[in-house]
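User: I am new to this structure and would be grateful for a close look at one part of it. Please describe the main pocket and the region around it.

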Amino acid sequence: MKETCEITSLSRSTIDRLVEVNMFPEKVPLTGNPRGRKGFRVFEVLQWMANRG
């Protein structure tokens with residue numbers, strides 16, 4: 001999440017709100033445990049940034 005905030009210049013809470021309303025890429029599991037840590041696919045975040053302007 002820290003890296004996502006840095007590259008998008010958005011706060012954690014803003015990203016969470018955008019995810020809730022399906023306006024930001026979904027979080028994906030980073031481990032084999034579906035309840036474990038989650039993050040974003042870099043390609044999807046970069047694509048989102050390119051399409052938002």
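Analyst:
**The largest pocket and its surroundings**

The largest pocket holds about 180 Å³ of space. The model in which this pocket is found is predicted, and the mean pLDDT of the protein is 94, with 98% of its residues at 70 or more. Confidence is highest in helix 2 (residues 12-20), at a mean of 97, and lowest in strand 1 (residues 28-29), at 92.

The lining of the largest pocket is formed by Met1, Glu3, Thr4, Ile7, Leu30, Arg37, Lys38, Gly39, Phe40, Arg41, Val42 and Val45. Sorted by class, this lining comprises 6 nonpolar, 4 charged and 2 polar residues. Three elements, namely helix 1, strand 2 (38-39) and helix 3, each supply at least two lining residues. Of the elements, helix 1 makes the greatest contribution, with 3 residues.

Among the lining residues, Thr4 merits a closer description. Thr4 belongs to helix 1, which spans residues 2-8. Thr4 counts as buried because its relative accessibility is 9%, and the limit for that class is under 20%. Leaving aside residues up to four places away in sequence, Thr4 touches Ile15, Phe24, Phe40 and Val45. Phe40 and Val45 are also among the residues that line the largest pocket.

The contacts of Thr4 lead to the nonpolar interior. The largest nonpolar core has 10 residues in all: Met1, Cys5, Leu10, Ile15, Leu18, Val19, Phe24, Phe40, Val45 and Trp48. Helix 2 and helix 3 are the elements that give two or more residues to this core, and helix 2 gives the most, with 3 residues. Met1, Phe40 and Val45 are members of this core and are also found in the lining of the largest pocket.

Phe24, another member of the core, has contacts with Thr4, Thr8, Ile15, Leu18, Val19, Phe40, Val45 and Trp48, again not counting residues up to four places away in sequence. Thr8 is, like Thr4, part of helix 1. Thr8 counts as buried because its relative accessibility is 5%. Beyond four places in sequence, Thr8 touches Ile15, Phe24, Val45, Trp48, Met49 and Arg52. Ile15, Phe24 and Val45 are thus listed for Thr8 and also for Thr4.

Helix 3 covers residues 42-52, and Gln47 is placed in it. Gln47 counts as partly exposed because its relative accessibility is 39%. Between the C-alpha atoms of Gln47 and Pro25 the distance is 9.3 Å, and the two residues are 22 apart in sequence.

Two loop residues complete the description. Most residues other than glycine have a negative phi. Ser9, which is not a glycine, has a positive phi of about 60°. Ser9 lies in the loop between helix 1 and helix 2, and it counts as exposed because its relative accessible area is 65%. Asn22 also has a positive phi, near 55°. Asn22 is placed in the loop between helix 2 and strand 1. Asn22 counts as exposed because its relative accessibility is 62%.

Notes. Residues are numbered from 1 along each chain as its sequence is written. This is a predicted model: local features need pLDDT of at least 70, side-chain atom pairs count only at pLDDT 80 or more; totals for chains, interfaces and linings use all residues. Side-chain values use heavy atoms; hydrogens and water are left out. Helices (H or I, at least four residues) and strands (E, at least two) are DSSP runs, numbered from the N terminus. Buried means under 20% relative accessible area, exposed over 50%, partly exposed in between (1.4 Å probe, protein chains only). Contact means heavy atoms within 4.5 Å. pLDDT is the predictor's confidence in each residue, from 0 to 100. On a 1 Å grid over the protein atoms alone, a cavity is a set of points where a 1.4 Å probe fits but cannot get out, and a pocket is an open set with protein on both sides within 12 Å along at least five of seven lines; lining residues have an atom within 4 Å of a point. Grid points are joined across faces, edges and corners, and a volume is the space filled by probe spheres set on the points. Ala, Val, Leu, Ile, Met, Phe, Trp, Tyr, Cys and Pro count as nonpolar, Asp, Glu, Lys and Arg as charged, and the others, Gly among them, as polar. A nonpolar core is a set of buried Ala, Val, Leu, Ile, Met, Phe, Trp, Tyr and Cys residues joined through side-chain atoms within 4.5 Å.
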